[in-house]
Amino acid sequence: MKKISIDGMQTQKNTMIFLSDTCDKHRYFKDNEERTKKVRLMEVDGQVVCPLCESEKREKELESEVYQLHKDRIENPNKFIFGRDSLVADPTILKARFGNFEADGQEEAYNFDKVKSSVLDFTQGKSFTLWMQGKPGTGKSHLSYAFAHEVNKIGKYKVLFIDMSELVKSIRETFNNNSTETEQSIIKKLTDADLLVLDDIGAEVGNIDTDKTASDFVSRVVFALFNGRQGKCTICTTNLTGGQIKKIYDAKTFSRMFRDFRAIKFENSKDRRFIELPF
């Protein structure tokens with residue numbers, strides 16, 4: 001078995017070498033005569049493979065994934081809705097799961113358990129508004145998305161994860177005459193969901209200070225959301241204090257936001273996104 005190195009392969013992560021041997025499966029015959037064109041084997045990081053066999057294998061895997069996606073879309077449309085209609089600002093949050101949340105300290109471990117027990121409460125038919133409050137970077141968005149993902153796996157519920165800044169942006173875009181959606185259609189989609197996560201409440205107002213109030217537009221959207229979701233389960237994350245929320249929104253909206261609520265506070269948790277700079 002003679003090894004022939006390929007020029008320039010040093011630029012790739014894998015060490016790839018063509019071999020003189022050919023694949024038994026891909027030796028072609030015609031009229032009992034073996035064709036001269038054969039598929040040569042390759043050694044990739046010490047493993048001998050047929051590139052055409054690998055290509056066919058990956059193609060079958062892709063076909064299987066596409067088929068499963070289509071099957072889920074037809075047989076279980078609720079699972080498809082979560083991925084299609086959620087509004088996410090940070091794509092890294094899509095990987096958030098209970099399994100990859102690492103509780104750092106007693107408070108985070110306690111809060112983690114409370115979030116997981118709230119999932120059980122939801123599946124048992126309890127309705128509530130769960131508020132996760134604390135400083136930025138303490139894992140609130142991670143746990144809220146993991147909560148939504150866990151419920152969505154069940155398949156019987158309509159679940160949405162909505163970043164508040166992205167929501168306001170999406171609704172503003174409906175003011176364009178070419179838009180296929182309206183403010184009302186978006187609000188209805190969110191109020192119809194069995195479980196709705198509203199991530200980063202307060203960010204839709206802009207730069208927050210204790211004297212700032214929401215615009216008429218934002219107030220209208222937020223009130224419509226919470227008013228339409230009375231009796232349903234909503235998860236909210238925020239960096240704001242209760243006092244700030246009360247000053248930003250009017251009394252009518254505030255009362256809807258905190259009806260049948262429970263709270264999880266991240267008071268002593270560290271900022272997971274903090275990077276210590278050398279200067």
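Two strands count as paired if DSSP finds at least two bridges between them. I keep that in view here, as the model is predicted.

**Entry 1: strand β8 and its partners**

I looked up which residue of β8 is the bridge partner of M132. The partner is T237. M132 falls in the stretch of β5, residues 129-134, and five bridges join β5 to β8. The two strands run parallel.

I then turned to β7, residues 195-201. This strand also pairs with β8 in the parallel sense, over five bridges. I noted two of the contacts by name: L195 has C233 as its bridge partner in β8, and L198 has C236.

**Entry 2: the sheet as a whole**

In what order do the strands of the open sheet lie? I read β6-β7-β8-β5-β9, five strands with parallel pairing. The edge strands are β6 (159-163) and β9 (261-266), each of which pairs on one side only. I also took down the turn between neighbouring strands of this sheet, which is 15° on average with direction ignored.

**Entry 3: helices on the sheet**

I checked two helices against the strands. Helix α4, residues 140-154, lies across β5, β6, β7, β8 and β9. It runs at about 170° to β7. Helix α5, residues 164-173, packs on the sheet and touches β6 and β7. The direction of α5 makes about 90° with that of β6.

**Entry 4: burial of β8**

Is β8 largely enclosed or open? For burial I used the cut-off of under 20% relative accessible area. Six of the six residues of β8 (233-238) are buried, so the strand is largely enclosed by the rest of the structure. I sorted the side chains by direction: C233, I235 and T237 point one way, while T234, C236 and T238 point the other way. Both sets are buried. T237, the partner of M132, is thus listed with C233, the partner of L195.

**Entry 5: the cavity**

How many cavities of 30 Å³ or more does the structure hold? I found one. The largest cavity has a volume of about 90 Å³. Its lining includes S127, F128 and T129, with F226, R229, Q230, G231, K232 and T234 also on the list. R256, R259 and D260 complete the lining. By class, the lining residues divide into two nonpolar, five polar and five charged. I marked T234 for a second look: this residue of β8 is buried and also lines the largest cavity. T129, in the β5 stretch of residues 129-134, lines the cavity as well.

Methods. Residues numbered from 1 in each chain as written. Predicted model: local features only at pLDDT ≥ 70, side-chain atom pairs only at ≥ 80, totals over all residues. Heavy atoms only, no water. Buried < 20%, exposed > 50% of the residue type's maximum accessible area, 1.4 Å probe, protein only. Helix = DSSP H or I, 4+ residues; strand = E, 2+ residues; numbered from the N terminus. 1 Å grid on protein atoms, 1.4 Å probe; cavity = no way out; pocket = protein on both sides within 12 Å on 5 of 7 lines; lining within 4 Å. Points joined across faces, edges and corners; volume = space filled by probe spheres on them. Nonpolar A, V, L, I, M, F, W, Y, C, P; charged D, E, K, R; others polar. Axes fitted to C-alpha atoms, helices over the stretch in contact; angles between N-to-C directions. Contact = heavy atoms within 4.5 Å.
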